Each structure stands twice: as C-alpha cells, then as structure tokens.
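The following exercises, each with a worked solution, are meant for a reader who is meeting this structure for the first time. Please look over the sequence and the structure before turning to the solutions.

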Amino acid sequence: MPALAWENLGEFLDTDDFAFLAMVAGGRTFPVIIDEDYQREAMGGFVMTTAQPTVVAREKDLAGLKKRHRITVAGVDYWLTDDPEPDGTGMATAPISRSRLVDGNAEKFAQPAPGTEEKWQG
C-alpha cells in the first residue's frame, strides 16, 4: 500500500517552508518545528497567561536527548525542560526554554556544548 501524503514526515519538516534546522551535541543537525503554545489559567479574579514552547521533530531525531540537554534552533539556544515524548506517529515533542538568559546577562555564563547536561541556567 503506498504511503499517504501525510505519512511523509519530511513534507512537514521542510526547512524551505516553516521548519528550522536544529543542532545538538556533536554537530548533528535535523529539522524541527517550534510550537509556542499559550495557556490561559483563571483562578478567582486572577488570569494568568503562560507560554510553553515545544520543539517538534521526528522521534528518531530526538532519540537520546534528555531533560536539560541543549538544542540550538536557528541560532537560538534552548534547554529541554523535560524528556521528549513520542506521539505515536513517528514524531515527538519536547518542551523547551531559552538558555543562558538570567537577568539579561547571558554573556557571564560559559557556553555549554550542545546536548550536554551542564547546569541549567533557565
């Protein structure tokens, strides 16, 4: 049976459209999509809106990455804030946070190697 058009994951991850090239430890690169999902919570008279950006990629590309590993997407450093979770379709998602930004003084922290579990600054 031929693969359906939506089964070709490469079409979703085309860097000419809306995917970006990511880099992890050892210089390994692969295409990802950044999803910046916003959540709105209300409690009593208070309303809070938060963002939890996630990286979406092929499950095999995120394999081996863990919480606190660094991933660089389009020149921006992020830390994985949890382990990647497969979604059952060959894709996986992992929540991320921008790294090295503490009180706006990113330059005072040493640059960790991509994919390492060095002390998390975010």
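**Exercise 1.** In this predicted model, find how many residues the largest nonpolar core has and which strands supply them.

*Solution.* Begin with the core itself, which has 15 residues, and note that Phe30, Val32 and Ile71 are those with the most contacts inside it. Next, trace where its members come from: strand E2 (29-43), strand E3 (46-58), strand E4, strand E5 (76-80) and strand E7 (91-98) each supply at least two residues, and E7 gives the most, with three residues. Then take Phe30 and set aside its neighbours within four places in sequence; its contacts include Phe20, Leu21, Val24, Ala57, Leu62, Leu65 and Ile71. Finally, another core of six residues lies apart from the largest one, and among its members are Leu9, Leu13, Ala19 and Ile33.

**Exercise 2.** Describe the setting of Arg70, stating whether the residue is buried or exposed and which side chains it meets through polar contacts.

*Solution.* The first step is to place Arg70 in strand E4, which covers residues 70-73. The second step is to consider its accessibility: the relative accessible area of Arg70 is 5%, and because this is under 20%, Arg70 counts as buried. The third step is to follow the side chain, which makes a polar contact of 3.3 Å with the side chain of Thr72, while a polar contact of 3.2 Å joins the side chains of Arg70 and Asp77. As a last step, compare sequence with space: Arg70 and Thr81 are eleven residues apart in sequence, and their C-alpha atoms are 9.7 Å apart.

**Exercise 3.** Arg68 and Ala74 both have a positive phi; say where each residue lies and how accessible it is.

*Solution.* As background, most residues other than glycine have a negative phi. Arg68, which is not a glycine, has a positive phi of about 80 degrees, and this residue is found in the loop between helix H2 (59-62) and E4. With a relative accessibility of 36%, Arg68 counts as partly exposed. For Ala74, phi is near 50 degrees, and the residue lies in the loop between E4 and E5. Ala74 has a relative accessible area of 52%, which is over 50%, and so Ala74 is exposed.

**Exercise 4.** Work out in which order the helices and strands follow one another along the chain, and what share of the residues is buried.

*Solution.* Start by counting the elements, of which there are two helices and seven strands, and then read them along the sequence, where they follow the pattern α-β-β-β-α-β-β-β-β. Turning to burial, buried residues make up 34% of the 122 residues in the chain. The accessible surface of the chain comes to about 7,800 Å², and 53% of this surface belongs to carbon and sulfur atoms.

**Exercise 5.** Decide which parts of the model call for caution, using the pLDDT values.

*Solution.* First take the whole chain, which averages a pLDDT of 78, with 75% of the residues scoring at least 70. Among the elements, helix H1 (residues 9-12) has the lowest mean pLDDT, 76, and strand E6 (residues 85-86) the highest, 96. Over residues 101-109 the pLDDT is below 50, although this stretch has eight contacts in the model beyond near neighbours in sequence. Where pLDDT is low, the predicted coordinates should not be read in detail.

Note on methods:
Residues numbered from 1 in each chain as written. Heavy atoms only, no water. Helix = DSSP H or I, 4+ residues; strand = E, 2+ residues; numbered from the N terminus. Buried < 20%, exposed > 50% of the residue type's maximum accessible area, 1.4 Å probe, protein only. Polar contact = N/O pair within 3.5 Å; in protein donor to acceptor, adjacent residues only side chain to side chain. Core = buried A, V, L, I, M, F, W, Y, C linked by side-chain atoms within 4.5 Å. Contact = heavy atoms within 4.5 Å. pLDDT = per-residue confidence, 0-100. Areas by Shrake-Rupley, 256 points an atom, 1.4 Å probe, with all protein chains shown as cover.
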